[in-house]
Amino acid sequence: ICLQPPETLKPADLSLLSLAGHVPCGLICHPDKEHILYPLGSTVVIQELDSKQQTFLHGHTNNVSCIVVSRNGLYVASGQVTFMNFKADIILWDFQRKELLARLSLHKSKIEGLAFSANSLYLLSLGGQDDGSVVVWHVDKREAVCGSPASACSAGDATIVVCSSRRDEMFVTAGNGTIRVWELDLANRKIHPTECQTGRLRRVIMCVKVADDDNYFYVGTSSGDILKLNTNNKLMTDYGPHKERFSLGVTALLLLKTGNVIVGTGGGIVALCKGSNYKVMKKIQVQGAVTSLTHSGEGHQFFVGTNECQIYRVNYTAFKEELIAACHNEAVHDIVFPWGTSDLFATCSKNDIRVWHTPENKELLRIVIPNVICHAIDIMRDGKSIISAWNDGKIRAFMPESGRLMYEINHAHSLGVTAIAATSDCKRIISGGVEGQVRVWEIRKRIHKLEEILKEHSSAVSCLKIKKDNRECVTASLDGTCIIWDIVHFVRKQIFLANTFFKCVCYHPEEYQIITGGTDRRIGYWEVFDGSVIRELEESASGSINGMDITSDGAYFVTGGDDHLVKLWDYNEGVVTHIGVGHSGNISRIKICPGNKYIVSVGADGAILVWTYPYSR
C-alpha cells in the first residue's frame, strides 16, 4: 500500500497575525514600498500592503530578536535568541525567492542587533549581553570578515548597531553609557572604534538614526532626550529638548528630508519635532510603547509599531493615526464561533476578550479586564452573551455587541476557572476549575444558582464539552482521566483512564465515541458505552496535543499542539490528509467554523491564523 504524503494547508487571504511588538525596529517597510516585514515568534512575516497576502520565512529555532532589510531590497537578515552558551543563528534570506541563503553562527545566546552596510556589501551583527561582540560579515561570501568586543570594559553593554548611509566601511554601536563609531580596515581584517564624547551627559541609548548625508547621527535616550553627534569629529553638537523631555524615553526616531524629526516614545507618544530645538509641533497618542517607526509609500505616510501589537498608519500632513492591524500581545488561550455562523469568532487572552469579523479581517470588539487571565470562553446559543472563565475564580458574562458586563459569578472556583461551556437551551453553564471540580450553574435573568458540584478529578479541568441533548457532558483533566457526567442526576456515567495529562476532548457528532489528546502525543478513540479504547494514533513526535475539533459530519478532525503544526485527519482512516505550517509557538486551541469554511488556530505566540478548509464547497 502506497501512502500519499499529506498536502499543505493554505492560509486564507485573511490570515490574522500578531506583530511581535517587543522587538525594537521590528516593523520594517521594504524599499519597494509594497511590503512590510515583521517578526512573529520564530517566524519572519512578509505581508503585501494592498492584498494583505502573507509569506512566512521559517528557519529559526527560537524567537526572532531582530530583523533588517538591505537598502537595495534584495536581502533580509534576522537573528534569534537561544539558550545560554549556545550559538544563536543569523539567517540571511533572499527576499524575491523567499529562500534561506545562509545560516551564520558565531554569537552566543542572543543576536541583539543587525545592520546592512550602505551598498549591502557587509552585514553587521551585535551579540547580546552574554556575547558582547560585534562582527562584520561579507554578504556575497557568507563569511565573517572580523570582529571585536562591542564596548569598552568600563562601559555598559552595546544594544544597537546601525550603518552609515553612504559608506560601507563605517558603522555606529550604542548602548548603556557607550556610543562608538567604527571604521573597517578590510586589508588588515580589523575594525577600529572611536568613542564619542558627550561631555558630562551619561545616557542609556535606546535608538540611533544616521542622517542621509552621513554628517550627523541622532540617538534617543531612556532619559527622554535626543543627542546629535558629528560623525567626523565624534563630538556631541547638540541635545534636547531642554525643558520637557519625552516621558519613558525616546524609543524610535525617523528623520525627514525637511530636517524635522519624528519621535516615538515609551509612553506611546508619536511627535513631529523641529530639527533645530526638538520642539513638538504635532503629536498623537497610540496604544503601547512605540518600538518601530518606518517610512511608507511615496513619503507621505509612515507606519508605527507598538509593544501591544498595534500597527498604525500616520499621514505626515494631517498627522492622524489609523489603526490598520491589531492583535493580542499575550498568549491566546481559546477561540469560539457563534452557533451557525463563520463570519464572527471570539478569542481570549490575558486582560482581554476580542471579537473578530472574519470577512474583513477586522477587530469588532475588545473587552478589557486588567491584570487577570481569561482561560476559556463560550457564546450562548441564542447569541445574547459571551461567557468567560478567569483565573481570579470568576465567571463573567458580557453582551456581544457592546461588551458591557451582564453578570459575574464570584468565587465560582476557588483557584481559578479553567473550562466553561453552556447548554444549548441557554439555561445552564458547566464550569471546570484548577482544583478539579466540575460545577453546574443555573442561569436565569437575575439569579445565578449553583446546582451541583461534581468531585472526581484531582487536578485541573482542561476541556469541557456538552452533549446535544444537554443531559451529559465530558470533562478532560490533567489528572489523566476523562469523565462523562450525567448532568441531570449529577452522577458519573463513565471514566476513561490513560497515562497522560488530557488537554482536549471532542464528541463525535453521533456521540457514540469521543476523541482525546494530551501530553502523551497520542489521539485516543474511546467508546462512550463501556469506556474502552478503540484506537490510538501517534499525532506528534515532539509535543503535547493542546486542541482539537471535529467537523459536523464527523468525517474529519483537526489537531494542534506543541509541534506548532495544524493537522487535518481523516476520522475513519486515522491518517493526516493536510498539514499547516504557520505558527511559531505552541498551538493552544483550534476550531473548525460552522459550515466548514475555515479552520482557526490560536497559539502562545499571540497569533491567530485562519486557514482555508480544503474540503469546503
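Where in the chain is Asn470 found? Asn470 sits in a loop, the one between strand 40 (461-466) and strand 41 (472-477). Hold on to that residue. I will come back to it.

First, what you are looking at. This is a predicted model. Every value I quote is computed from it.

Let's start with the overall build. How many helices and strands does the protein have? The count is zero helices and 54 strands. What about compactness? The radius of gyration is 27 Å, and the globule rule gives 25 Å for 617 residues. Those values are close, so the protein is as compact as a globular protein of that length. Along its principal axes, the C-alpha trace spans about 85 × 60 × 45 Å.

Now the inside and the outside. Of the 617 residues, 58% are buried. The exposed surface comes to about 26,200 Å². Carbon and sulfur atoms supply 48% of that surface. On charge, there are 64 positive and 66 negative charges in the protein. Their mean positions lie 6 Å apart.

Next, contacts along the chain. Take contacts between residues at least 6 apart in sequence. Of these, 41% join residues at least 24 apart.

Here is one residue to look at in detail: Ser431. It belongs to strand 37, residues 428-433. Is Ser431 buried or exposed? Ser431 counts as buried, because its relative accessibility is 0%. Leave aside residues up to four places away in sequence, and Ser431 still touches a list of others. Among them are Ile395, His413, Val417, Trp441 and Leu464. Ile420 and Arg439 are also on that list. Now compare sequence and space. Ser431 and Val461 are 30 residues apart in sequence. From C-alpha to C-alpha, they are 8.7 Å apart.

On to the cysteines. How many disulfides does the structure hold? Zero. Why is Cys29 without a bond? The closest cysteine sulfur to that of Cys29 is in Cys25, and it is 14 Å away, too far for a bond. Cys29 counts as buried, because its relative accessibility is 8%. Cys309 is the other one to check. Its sulfur is 6.9 Å from the closest cysteine sulfur, in Cys327. That is too far for a bond as well, because a disulfide needs the sulfur atoms within 2.5 Å. Cys309 is buried too, with a relative accessible area of 7%.

Last topic: the backbone. A little background first. Most residues other than glycine have a negative phi, and most peptide bonds are trans. With that in mind, here are some exceptions.

Look at Gly240 and Pro241. The peptide bond from Gly240 to Pro241 is cis, with omega near -5 degrees. Pro241 is in the loop between strand 21 (236-240) and strand 22 (250-255).

Next, Ser109. It is not a glycine, yet its phi is positive, about 75 degrees. Ser109 lies in the loop between strand 9 (99-108) and strand 10 (111-116). It counts as buried, at 6% relative accessibility.

And back to Asn470, as promised. Asn470 is not a glycine either, and its phi is positive, about 65 degrees. You already know its loop, between strand 40 and strand 41. Is Asn470 buried or exposed? Asn470 counts as buried, because its relative accessibility is 11%.

That's the tour. Thank you.

How values were computed:
Residues are numbered from 1 along each chain as its sequence is written. This is a predicted model: local features need pLDDT of at least 70, side-chain atom pairs count only at pLDDT 80 or more; totals for chains, interfaces and linings use all residues. Side-chain values use heavy atoms; hydrogens and water are left out. Buried means under 20% relative accessible area, exposed over 50%, partly exposed in between (1.4 Å probe, protein chains only). Helices (H or I, at least four residues) and strands (E, at least two) are DSSP runs, numbered from the N terminus. The radius of gyration is taken over C-alpha atoms; the globule rule is 2.2 Å times the number of residues to the power 0.38. Contact means heavy atoms within 4.5 Å. Accessible areas come from the Shrake-Rupley method with a 1.4 Å probe; for residues, only the protein chains shown count as cover. Lys and Arg count as positive and Asp and Glu as negative; His and the chain ends are not counted. The place of a charge is taken as NZ of Lys, CZ of Arg, CG of Asp or CD of Glu.
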